[in-house]
Amino acid sequence: MSEALQGQRLRRAALIAYPAALGEERLDFLLERSALQGAERASLQWLLSGALRETAILQALLAQLLRPGRQDEQISALLQLALYELRHGQRPEFAVVNDWVAATQLIGKVWAKGLVNAVLRRYLRERSRLDAIPPPQSHPQWLLQRLQVAYPEQWPQIIAANLQPAPLWLRVNRQRRSRDAYQALLTERGVASSSHPQLPDALMLEQSLPVQELPGWEEGWVAVQDGAAQLAAEILAPKAGERILDACAAPGGKTAHLLALGADDLLALDRSESRLQRTQAALQRQGFAPTLRLADAADPTTYADARPFDAILLDVPCSATGIIRRHPDILHRPSDLATLTQEQARLLRGVWPLLRPGGRLLYCTCSVLPEENGEQIAAFLDEQADARLQVHPLSGQRLPGQDGMDGFFYALLGKVAEAGEAA
Ligand SMILES: C[S@@+](CC[C@H](N)C(=O)[O-])C[C@H]1O[C@@H](n2cnc3c(N)ncnc32)[C@H](O)[C@@H]1O
């Protein structure tokens, strides 16, 4: 297939997906629906993620470049995508302008060719003035207010980190290769990476590349997993022979890590069938086949037997406000925090009785909001006489961008043998 045609396919897919993401659809689903694969899919993700992070800036630029009045939404979306590529892409400016002018045809709006051409060329001419205009607020009010209250000093850094593209983090499957051996392989191929002292299987790549180009990808030597997400298995520290419940497992990133660290009696649940299918494929690629079950984790009658669990990982659904840099569509969707916090509380209370006395439960979210994190755990500890917060050097709140990682929250809870007695 010619490069030009591939580019056209990419722009067609972007012109469908970008307005849909602004209309509150999930970026993951839109990428999946695009049916693009490999390098083309990676380019689409780059373009959409970037434009969704910078929507406020791109729209402010358009306000400067277009005459006021009624605007065509599809053309506005096309111009935003084109401006993003002009500001951050690698292709020559003339090619970017020509291709986006031609893309008017893909949405049946050939009449707008002249307008698109004029706006993009004016941007290039006046770029230094336009780029110097202070950027407008990028975060929705509901989130900005919460961040300002929860992090009176750090909120500007959190926002800045949310607007930076995230690096590619890998987790080397130690059942297949050691981290150092894999890093040497990457170096041989000219791919620079760095390790992290607290994450024995992690490598952070300086430059992203399509996963299919990673050595041993198909053979499951490596998985994509942010450093902060890799803390889960390190904190839970599974041992062979322990019975482990991974209560909200899909798409299986942490499940695979627990298995790689030696968990050999693991039950993984999720209540989404499609996500469980993805989990199965991902685990299979890495050479693992644990028991996967479609179930509501908060209702143990549907999956538990009389044997208690030694350890539980509870990676609850959350606002995902710690991973905006990877999922900037979150900036464009309202978040139903009340429903999420209720569901988190229901899950905590639902799985707790399955833990044996002396056992441990790791609660985790990829959120930075206290109501889903510290406050959720404090409320649980208040009402659960046999629950204790355990001190762990890797637990607590991590903010996005810290050590190049996503924002995550971890609380390790121990179950005391009897109320009042330390486990
Ligand atoms: C944050 S994601 C889990 C990510 C996963 N642990 C990983 O590392 O790849 C939360 C998951 O919880 C699932 N979920 C939500 N409510 C659930 C419930 N009541 N029971 C089981 N799974 C649930 C969602 O379908 C989603 O896959």
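**Exercises on the interface between domain 1 and domain 2**

**Exercise 1.** Determine how many salt bridges and how many residue pairs in polar contact the rules find across the interface of domain 1 and domain 2.

*Solution.* In this predicted model, the salt-bridge rule finds 0 pairings across the interface of domain 1 and domain 2. The criterion requires a side-chain nitrogen of Lys or Arg within 4 Å of a carboxyl oxygen of Asp or Glu. The search for polar contacts across that interface, with both residues at pLDDT 80 or more, returns 5 residue pairs.

**Exercise 2.** Identify which helices supply the side of domain 1 that touches domain 2, and classify its residues.

*Solution.* Helices H1 (3-22), H2 (27-34) and H3 (38-53) each contribute at least two residues to that side. Of the helices, H3 gives the most, with 3 residues. By class, the residues on this side of domain 1 comprise 4 nonpolar, 2 polar and 5 charged.

**Exercise 3.** Locate the two domains along the chain and state how far apart their C-alpha centres lie.

*Solution.* The domain assignment places domain 1 at 3-131 and domain 2 at 227-415. Their C-alpha centres are 37 Å apart. The contact involves 11 residues from domain 1 and 8 residues from domain 2.

**Exercise 4.** State the area that domain 1 and domain 2 bury between them, and name the residues of domain 1 that lose the most.

*Solution.* The size of an interface is often expressed as the accessible area lost when the parts come together. Here domain 1 and domain 2 bury about 910 Å² between them, with 55% of it on carbon and sulfur atoms. On the side of domain 1, the greatest losses to domain 2 fall on Glu24, Leu52 and Arg53, together 45% of what that side buries.

Key. Residues numbered from 1 in each chain as written. Predicted model: local features only at pLDDT ≥ 70, side-chain atom pairs only at ≥ 80, totals over all residues. Heavy atoms only, no water. Domains from an automatic or database assignment. Contact = heavy atoms within 4.5 Å. Buried area = accessible area lost by both parts, 1.4 Å probe. Polar contact = N/O pair within 3.5 Å; in protein donor to acceptor, adjacent residues only side chain to side chain. Helix = DSSP H or I, 4+ residues; strand = E, 2+ residues; numbered from the N terminus. Nonpolar A, V, L, I, M, F, W, Y, C, P; charged D, E, K, R; others polar.
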